[in-house]
Structures are given as structure tokens and as C-alpha cells.
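Me: Please show me the sequence and the structure, and then let me ask how each term is justified.

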2 protein chains.
Amino acid sequence: MGTIIAIDVGGTHLRAALYEPDNTQPIAHQRVRTNSNEPGVYERLEAVVESVWPKDGKVDAIGVASPGPLDPHAGYILKTPNITEWVNFPLAPNLSKHFNVPAFLDNDANLAALGEWKFGAGRGHHDVLYLTISTGVGGGVIIDDHLLQGYHGLATELGHTIVDPDGPLCSCGFAGHLEAFSSGPAIVKYILAELGAGAKSELKADANLSARVVADAAIHGDALAISAYRRAGEYLGIGVANFLHSFDPSIVIFGGGVSQVGPLLFDPFNASLKKRVFHPRYLEGLKIEMAALGDDAGLLGALALAQISIEK
Amino acid sequence: MGTIIAIDVGGTHLRAALYEPDNTQPIAHQRVRTNSNEPGVYERLEAVVESVWPKDGKVDAIGVASPGPLDPHAGYILKTPNITEWVNFPLAPNLSKHFNVPAFLDNDANLAALGEWKFGAGRGHHDVLYLTISTGVGGGVIIDDHLLQGYHGLATELGHTIVDPDGPLCSCGFAGHLEAFSSGPAIVKYILAELGAGAKSELKADANLSARVVADAAIHGDALAISAYRRAGEYLGIGVANFLHSFDPSIVIFGGGVSQVGPLLFDPFNASLKKRVFHPRYLEGLKIEMAALGDDAGLLGALALAQISIEK
């Protein structure tokens, strides 16, 4: 399985970790601030990789998790909202050339799916659907023990599937996407619109408003806050019904901050899903579980990608 | 690749064909009427297989295409709308036992996808989306040269994905499915509703009304008929945008009678798709083509399934 350096490119931190074969505990781990609006992000990334490089110099591959959109086949970042200097940026080729080892890249949601399948909540499953619900809605799918990437490497952008063509605008500018109903910002946007229309609530339309604040109000019994999560869960059920009909997994794994709220989101989600699945067999033996890898999902997914890629 | 007998179970006919290695022209081909409401469908199927059995007795495998829902892993028909005596029916195991060769089963849309990928319009592509638009809307997907089947074997029921949760009821009883907008019966149902609401048209609400009759009226300039296909194409574009975002194929192949109408359906489809795809890269190099195998899609898909399965 080789010695691997895994990299997680985040909006806040650049992380690198060194893994020996058959061990998911890194023997070295470093992070630096991304400072995404200042030049030199790539140079900072090289430096943090060098800081975990083993003394014996032996590394078999590098795996990288990054926000997309990106091209995993070529290893290019097409464009990423946080790091503005990376446009059609050959991240994996550059790393491979500089460090003289193979380097493999995919987006963070795909690699969280791969990490959960190989090391986390999805172990033992061959067909996995992973969804992260946070500032966006991201997806990753394992089919028959293979990560679904697609021709352009843009498969499973599941937050950007349409669940209601007349729905609100998504952060991407298109109407009616799952992300426009069920992400944290979508929940806040709904509250703001309802407050603007005169809805009664303990919530205030101010800068502190967040999906977390809405969740707290819902737990205190605030009807508007409860209805916001009910709506998010209802549409999440529509989306997941579509994904079951499309991919037919044996497990659905939820990651991301918004999915931490529990029954507030998942009671309406479960009711909606049951109502929408068109054949009961999809639900036979289906597990619905929370992600197990937490903040390390990106690193462990990058580790899995590198391991699998060099074994091919 | 072996000598294969391929079977296509249809509502009207049961077909069997004998294929030698490396030849997609059968050396024997027979069909009998299904007579699906009379007992003995399975016995008629055995007889038609026997009628193409080679004189030397040497057959390496049997492949079967059948309407679903079915379990391709176990080879069982769960239930099929036409053949009422087949409920949890062990079709592949029975054939395998009777003829003493391995037998493999999958549904007709999946096998049309597999056939088009291996022998038809999808040759040379690794990631294929196949859609058949006829009395229903069926789907099949090839990912990285593998047929997507799923944990229960129920993946890619793409006609039963929700494109508008407030939409009309599908034949399956659930609301807002792609099939409820874009299938032949959905086009007819829309016309009937509009006529009932007083819409002007040359079309009459009688027993002759069909998607084909609506297409003829549209070609003559009938505004209601044109709007029916515009709506079917608009929602087909929403569905296919979701499938691109989910599977990211390099080719979309359309089969089925309704897809034969040409620009009536595909002009609004193309406009809708372009409007809905959230990143232009999905369309780079994407081919959109008509199915090449016609009525033989089921047989050739069953041939491909058997060939691939015995090579595993």
C-alpha cells in the first residue's frame, strides 16, 4: 500500500499528513493557514508537504483533496471559490513534478465518500452514497467498490440536482437545486424571507443568524425555526429518493455541520424519503448513518485515493 | 466469448437467438407469442430456447432481458406488469437448472444500455447514459465500462426520479416523476386534460389518441400538440441535467418510440438542457445520439451481459 502523503486543501487551512502502510494514524501531521486571498498558496502547500516528508525520503504517492470544480483525471483545479489564484491550475502535476512521486487529486466530497467507504462508516459496503450538508450540499458515490468520477470528473454534484424547478436560486445561480433548500445558508435565507414577510419568531434578521442559531431556536420550540428544518428535510428526502432510484446504495452516510442537528432535520427527512421511494425494496437493508471520520475525512479520502491509484 | 443464447422477454413476444463468438448476427432466431395472461409463459420460453439450441449442444451461457422490477444478482423477477404469473419468480435459476448452463438476467433498459455500449451507438465510450422514451421512461448507465446495477439491482430507474414534486401522478402512483411528463401516455394525458379544460385543437379526446397522433398534429401546426411536446422536452431537459450532474457521461443515447419524433421533442429538450446544466464543462465533447440497435437492443444487451458475466 506504500507510504503516502495526504493533503487537504481547505479554505482556512492547508493540511498534510504522512501515512505508513496499513495505518490510518499519521506519523506526521502539519497545517498552515491557507490565507487564500494572499499570493503563494501553492508555495505554502509545498512547504507544509516538505514539513512532513519522511527522513528516509521514501514516499510512494501524494493524494490531494480540494474543493472543486476540478478535473481528477488531469489533476487540475478548474476554479475554486476560495483560492482565486488557482484557475486551470495543474495542482497534481505540479506536486508530482516537484516531489518526483505520482500525485492524485479529487474533490473533497468525493474523497470524503471514498474515505468513509474505506476507513469509516461505509466499511464493508460496496455501494455507498455520501452527502455532506453544510454551507453547500456535496455528494460522493461508490459503486461496486469504485469511486464514481465520470467522463469529465464532474459526477455526483448531487447538491446541484434539481428537486423543484420553481424553487429558489442556488449559490451557483441556478434554480431549484437541493443545495438551495437544504444547506445551512438555504435555511437562513428561508428564515430571512419569512421574517421579511412578517412571520413571528424569536429569531432576528441580523448578522448572527446561522443554521446553528436556527437549530437552537427550533429546539426551544420556535415554530418558524422548526418549519425551516422541516422544509430542508422534506427536500432532502426528495433528493435522496432520487439518488436511491439512481444509484441504489446499501448505505447513505451524512456528513457536514447541518447534519449534526439530529431529529430536527432527520425526522422530516425520513418521513419525506419513505413517502417518495417508489419501491419498498430500495429501503430493504438500507443503512442511514452519520459520517465517522469528522475533520479527517479529506485527509483519509486523499490517502485512500493515493493507495487505490498506485495499486491499479 | 463463448456461444450464447440471448432471450428477450416482451409483453407481446418471447424471443430467443443463438450467437456464436464475435458475431452479433444470430445463427438462429425464433419467437413465439407471450400470451402473457395465459398460463405457461415459462414453458413457452423454454420451448423457444430449445428451438434455437445448437445441434452440437454446446452453449456457454444464457442472457435474459426482461421488464422489471427484478433482482439481477439473484436472477429473480420480482413482479412484472405484463406476466402476472411471475411473482418472485426464479427465472435465471430455472433456466440455468433446466439447460445446465449459467444464466444471467437484467431489465430491458439496463440491457439496452449495455447493448448500445458494446455493439451500438455507445461503442468506444466508457461512461454512457441511455434513456428510452416510450410508454414509460427507462434508463441504463455504464460507468467506467461497467453496468450500474446497485445493491438491490434497482439502480437507474431514471424515469422514476422526481423532476417536480408538485407534478402529475406517474403510472407507478408517485407524483412528479420524469415519466409522468415525458412518456407517450404522459403526452396523451396532458392533451386530454387541456381538451377537457377547453383548449382548442384538431385533436379529439377519443380512443385513437396516441403520442404518435399528437406528433402528427404538431407537425401540422396544432398549437396544443406542439405545447405537449414542448412540455415533455422541457422536463426531459431537467431530468437529463440531473443525470449529467449525477453520472457525467460522455454520451446520452435515446431509444424508444417517442424519441423518434425528432425536433418536436428535441428542440425544447436541448434548450431546456442548456439552460439547466450548471457548469459548461458537462457539455464539452458530450454526444447526444439516437439508439442504433432498434428492436434487437434487448437481445444484444442480453448477449453482452452473458459474455461479460462468463468472462468475470
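The turns below take up the symmetry, the contact between chains, the domains, the core, the sheets and two single residues.

Me: How do you know what kind of model this is, and how are its parts numbered?
Reply: This is a predicted model, in which local features need pLDDT of at least 70 and side-chain atom pairs count only at pLDDT 80 or more, whereas totals for chains, interfaces and linings use all residues. Residues are numbered from 1 along each chain as its sequence is written, and chains are lettered from A and ligands numbered from 1 in the order in which they are written.

Me: What makes the relation between chain B and chain A that of a two-fold axis?
Reply: Copies are superposed by least squares on the C-alpha atoms of residues with pLDDT of at least 70 in both. Chain B falls on chain A, with an RMSD of 0.0 Å, after a rotation of 180° and a shift of 0.0 Å along the axis, and that is why the relation is the one of a two-fold axis. The same surface serves both copies, since 100% of the contact residues of chain B recur in chain A. B:Asp164 is the residue of chain B that comes closest to the rotation axis, with its C-alpha at 2.5 Å.

Me: How many residues does the contact between the chains take, and what makes two residues count as being in contact?
Reply: Two residues are in contact if their C-beta atoms, placed from the backbone, lie within 7 Å. The contact takes 37 residues from chain A and 37 residues from chain B. On the side of chain B, the largest share, six residues, comes from helix α7 (residues 223-247) of chain B, where a helix is a DSSP run of H or I with at least four residues, a strand is a run of E with at least two, and both are numbered from the N terminus. That side has 18 nonpolar, eleven polar and eight charged residues, with Ala, Val, Leu, Ile, Met, Phe, Trp, Tyr, Cys and Pro counted as nonpolar, Asp, Glu, Lys and Arg as charged, and the others, Gly among them, as polar.

Me: Which domains is chain A divided into, and where do the bounds come from?
Reply: The bounds come from an automatic or database domain assignment, which gives domain 1 (4-107 + 295-311) and domain 2 (121-291) in chain A. Their centres, taken over C-alpha atoms, are separated by 28 Å. Six residues of domain 1 of chain A are in contact with six residues of domain 2 of chain A.

Me: Why is A:Trp117 called buried?
Reply: A residue is buried if 20 or more other C-beta atoms lie within 10 Å of its own, exposed if 12 or fewer do, and partly exposed in between, with C-beta atoms placed from the backbone. A:Trp117 has 27 other C-beta atoms within 10 Å and is therefore buried. This residue belongs to helix α3 (residues 108-119) of chain A, and, leaving aside neighbours within four places in sequence, A:Trp117 is in contact with A:Gly122, A:His125, A:Val128 and A:Ile142.

Me: Is A:Gly237 buried or exposed, and what makes it so?
Reply: A:Gly237 has 24 other C-beta atoms within 10 Å, so this residue is buried. A:Gly237 is found in helix α7 (residues 223-247) of chain A, and touches A:Phe269, A:Ser272, A:Leu273 and A:Arg276, not counting residues up to four places away in sequence.

Me: What makes a set of residues a nonpolar core, and how many residues has the largest?
Reply: A nonpolar core is a set of buried Ala, Val, Leu, Ile, Met, Phe, Trp, Tyr and Cys residues joined through C-beta atoms within 7 Å. The largest has 211 residues, and those with the most contacts inside it are A:Ile7, A:Val64, B:Ile7 and B:Val64.

Me: How do you know that β9(A) and β10(A) pair?
Reply: Two strands pair if DSSP finds at least two bridges between them. Strand β9 (residues 128-133) of chain A and β10(A) have six bridges, in the antiparallel sense, and thus pair. A:Val128 stands opposite A:Ile142 in β10(A), and the two strands form a hairpin with three residues between them. Strand β10 (residues 137-143) of chain A is mostly covered, seven of its seven residues being buried.
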